[in-house]
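Student: I would like to go through the labels attached to this structure and ask what supports each of them.
Tutor: Then let us take them one at a time and set the values against the cut-offs.

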Amino acid sequence: MKHWVEAARLRTLPLSVSGIIVGSFYAMSQAMFNWKIVVFALLTTLGLQILSNFANDYGDGIKGTDNDDRVGPKRAIQKGIITPGAMKNAMIVMSVITLFFAISLIYFAFKESYLLYSFIFLFLGILAIASAIRYTVGNSAYGYRGYGDVFVFVFFGLVSTFGVYFMFSKEIDWLLLLPATAIGFLSVGVLNLNNMRDEESDRKAGKNTIVVQKGGEWAKQYHYFLVISAMVLVVAFAFLNDFHFDQYIFVAAYFPLAGHLIRVRKNRNPKLLDPELKKLALSTFFLSILLALGLIYFISDLLVNYI
């Protein structure tokens, strides 16, 4: 069990639910809430992230990408503690579990009243599961051609945030595009850090991530763009949403983000980027929590109740 928990890479899980949190609390701020939608949206997203982690372990493991040249922590197949066959079976099980969560989510959101929406989200769910697997698995794995950033941005940014809000409201609120894009950018930032760390080993293994294609210095500039743009977009969302001063508590998350950018700028050793993955992931989760609390006037309510 310990080895499977390690293979699930728990440090990636808080990041994956950030969009769900923001989208759900945005709906709550408009007096829309259904705890079943929230719970199954979280379970679906967590299942998708764990499936993606298992698939990455399997795909990179059988291709030999995870080898002694890799800078990051050794993975399960690489260490020999989980066989490729066992990991493949785990991927099948996680696919079934995630699909069950997705179907349950669709049912509680739409039931019999919105059949077209149900089919659209079922298609998105199946596509997300397939994309999570195809990132590193197969001869045409898109992660080996530099398209991993697109998958992360779309599913853990746009689909996650917009999707869960739509399940509450049955309509699109374009203002939500700002935090959805911000969460997507920060999620891509974590992937970009991972690819910056593994640039040399990925190049030798033929894994042509966008970092391998463009180079480490370009990747740093790209990283600055992702993180800084995300910070600006959230502030713009708050301003356009007429936040009160106490709703800007999310700015507290900008301090660890700024520190992270400074460390990335000064970095000359890719191995030292590994701790930054966890820091950026947790900072993104922290930002989503504070933004979500701000959306429901958490500080104002606390002060009123206290007085």
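Student: Which residue follows helix 6, and what is the sign of its phi?
Tutor: In this predicted model, helix 6 is followed by Lys111, whose phi is positive, near 50 degrees.

Student: What makes the span of helix 6 close to the expected one?
Tutor: Helix 6, residues 84–110, has 27 residues and reaches 38 Å from its first C-alpha to its last, which is close to the 39 Å expected at 1.5 Å a residue.

Student: Why is the contact between Asp198 and Arg197 called a salt bridge?
Tutor: The closest N and O atoms of Asp198 and Arg197 are 2.9 Å apart, and the cut-off is within 4 Å, so the pair qualifies as a salt bridge.

Student: How do you know whether Asp198 and Arg197 are buried or exposed?
Tutor: Buried means under 20% relative accessible area; Asp198 is at 3% and therefore counts as buried, and Arg197, at 2%, counts as buried too.

Student: What makes Arg263 partly exposed, and what is the label of its partner Glu276?
Tutor: Arg263 has a relative accessible area of 37%, which lies between the 20% and 50% cut-offs, so Arg263 is partly exposed, whereas Glu276, at 4%, counts as buried. Glu276 and Arg263 form a salt bridge, with the closest N and O atoms 2.7 Å apart, and this pair links distant parts of the chain, Glu276 being in helix 14 and Arg263 in helix 13, 13 residues apart.

Notes
Residues numbered from 1 in each chain as written. Predicted model: local features only at pLDDT ≥ 70, side-chain atom pairs only at ≥ 80, totals over all residues. Heavy atoms only, no water. Helix = DSSP H or I, 4+ residues; strand = E, 2+ residues; numbered from the N terminus. Expected span 1.5 Å × (residues − 1). Salt bridge = Lys/Arg side-chain N within 4 Å of Asp/Glu carboxyl O. Buried < 20%, exposed > 50% of the residue type's maximum accessible area, 1.4 Å probe, protein only.
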